[in-house]
Amino acid sequence: MDVFADWKSRIESDLAATEQNLQQKRQMLARLQQAHDQVWEVINSGSTSSAGIPWEFAHGLSILEGVLDGKPLPTTEAELPTRVMDDGTLLGCRKWELLDPLWGESLVAWFEHLANRAPWASQPAALTLPDQVSFNIAGDWGSGDYIAGKVAAAMAKQPTDYTIHLGDVYYAGASPDESRDFANWPAGGRGQFTLNSNHEMYSGAFGYFQELGLRFPLQQGTSYFSLRNSNWLILGLDTAYWSDKYKLYMDGALGDAQAAWLKATASGWQGKIMLLSHHQGYSIDGSATTPLYDEVTAALGRAPDYWYWGHLHNVICYQPRNGMLGRCVGHGAIPYGPASILDGKPQVAWAETRSADDSRYPQRVLNGFIRLELNGMALTEILYDENGQRRWPLP
């Protein structure tokens, strides 16, 4: 593939420019080899578990000609028919599936920006909201594809005060990706917000911060913010910037400065707290909390009342835990199937299983968004699918 040749040249140039850091390069190549071997093991064994594998970087050794130890991974549907993994991800080679060769853009951007990222903006916006206010929220929406278009149209049919994107602009959150994919994002009547994510960080978050200035002026150039009224404190977090770059920004983290801001902002607050982030507070099946959950609750001094996140390309409503209702709403655009790992799990109240009847992705279940309405202390939440139909809670 011509694009692979271009990626190979850019990565090798970047590696050559940092010859002094030989040990670091060896570690990177070893991780890519490990991912390559893990993927082949899953393919050959028929396993449906995708846990622990950086799928978006799986084709890395194929890009770097001459270092591949083993057979190249499949790149076409003929080589690997799509199958649904237990977490709902689609193992295949079509666009957006786990072995889509174009995920290589993420790898290239990550290499190029390991030591070069946008500066951290440290004066977050703090806005006052009316006591009656509404939000439409979608996660992992930034694909610029037809599913995102359907979700955007469904959101537009539900007029709202604010729209919020929970992060992930594909493939690597570069400036052209941000500009193209957000062109059809449905703005709220009072404004819109967007969070940082692992994909934005692959390109050093330069595209993300540039887009804040162009399309999200309420954030005042910062990747985290606070909104409050008489009853609610809503905290939008950047859980990607301070995440471990050598773990591919996959695990959420606050960083010291943001943790201190979170603690100070919530200090003395007696009302309800809502959290918004890209990375998750629970494991996918809700059986365990994450290190990010520990960071957040340590800073707040308690669990928030509600927490909405993306990152996983599913929609999952969890049962109450420590006084908190957690929601994964990462189903804004990426095709996914029914997640069998959630079946029978006591902490899962609801997850999407209805087919989208999509001829392009026959295994795909419905994508969508969540709508929140605050009226005094009361919160109403409704999940809508890509066709604008109410999915949960059912009337």
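A salt bridge here is a side-chain nitrogen of Lys or Arg within 4 Å of a carboxyl oxygen of Asp or Glu, and by that rule the structure on your screen, which is a predicted model, holds 13 salt bridges. The tour begins with some of them and then moves on to a pair of strands, a cavity and a pocket.

**Stop 1: a salt bridge inside a helix**

Select residues 175-181, which make up helix α6, and show the side chains of Arg180 and Asp177, which both lie in this helix, 3 residues apart, or about one turn. The two form a salt bridge, and their closest N and O atoms are 3.1 Å apart. Is Asp177 buried or exposed? Asp177 is buried, because its relative accessible area is 6%, and the cut-off for buried is under 20%. Arg180, at 45% relative accessibility, counts as partly exposed.

**Stop 2: Arg364 and its partners**

Now select Arg364 together with Asp358, since these two residues form a salt bridge in which the closest N and O atoms are 2.9 Å apart. Arg364 counts as buried at 2% relative accessibility, and Asp358, with a relative accessible area of 8%, is buried as well.

Keep Arg364 in view and add Glu386, with which Arg364 forms another salt bridge, the closest N and O atoms being 2.8 Å apart. This pair links distant parts of the chain, 22 residues apart: Arg364 sits in the loop between β13 (348-351) and β14 (368-375), whereas Glu386 sits in the loop between β15 and β16 (390-392). Both Arg364 and Glu386 are buried. To complete the picture, add Lys150, which belongs with Asp358, Arg364 and Glu386 to one network, joined by salt bridges that share partners.

**Stop 3: two parallel strands**

Next, select strand β3, residues 125-128, and strand β7, residues 225-228, which run parallel and are joined by 4 bridges. Within this pairing, Ala126 of β3 stands opposite Ser226 in β7. In a regular strand the side chains alternate between the two faces of the sheet. Which residues of β3 form its covered face? Ala125 and Leu127 do, while Ala126 and Thr128 make up the uncovered face.

**Stop 4: the cavity**

Rolling a probe the size of a water molecule over the atoms shows where empty space is left. The count comes to 1 cavity of 30 Å³ or more, and the largest cavity holds about 40 Å³ of space. To surround it in the viewer, select Val315, His331, Trp350, Glu352, Leu366, Asn367, Leu383, Tyr384, Asp385 and Arg391, which line it. Strand β15, residues 378-385, gives the most to this lining, with 3 residues. Sorted by class, the residues around the cavity are 5 nonpolar, 2 polar and 3 charged.

**Stop 5: the largest pocket**

Finish at the largest pocket, in which about 1100 Å³ of space lies. To find its centre, select Gly52, Ile53, Met250, His311 and Leu312, which are the closest to that point among the 44 residues of the lining. Then colour α7 (198-202) and α10 (291-300), the elements that give two or more residues to the lining of this pocket. Which element contributes the largest share of the lining? That share comes from α7, which supplies 3 residues. By class, the lining of the pocket is made up of 22 nonpolar, 14 polar and 8 charged residues.

Technical notes:
Residues numbered from 1 in each chain as written. Predicted model: local features only at pLDDT ≥ 70, side-chain atom pairs only at ≥ 80, totals over all residues. Heavy atoms only, no water. 1 Å grid on protein atoms, 1.4 Å probe; cavity = no way out; pocket = protein on both sides within 12 Å on 5 of 7 lines; lining within 4 Å. Points joined across faces, edges and corners; volume = space filled by probe spheres on them. Nonpolar A, V, L, I, M, F, W, Y, C, P; charged D, E, K, R; others polar. Buried < 20%, exposed > 50% of the residue type's maximum accessible area, 1.4 Å probe, protein only. Pairing = 2+ DSSP bridges.
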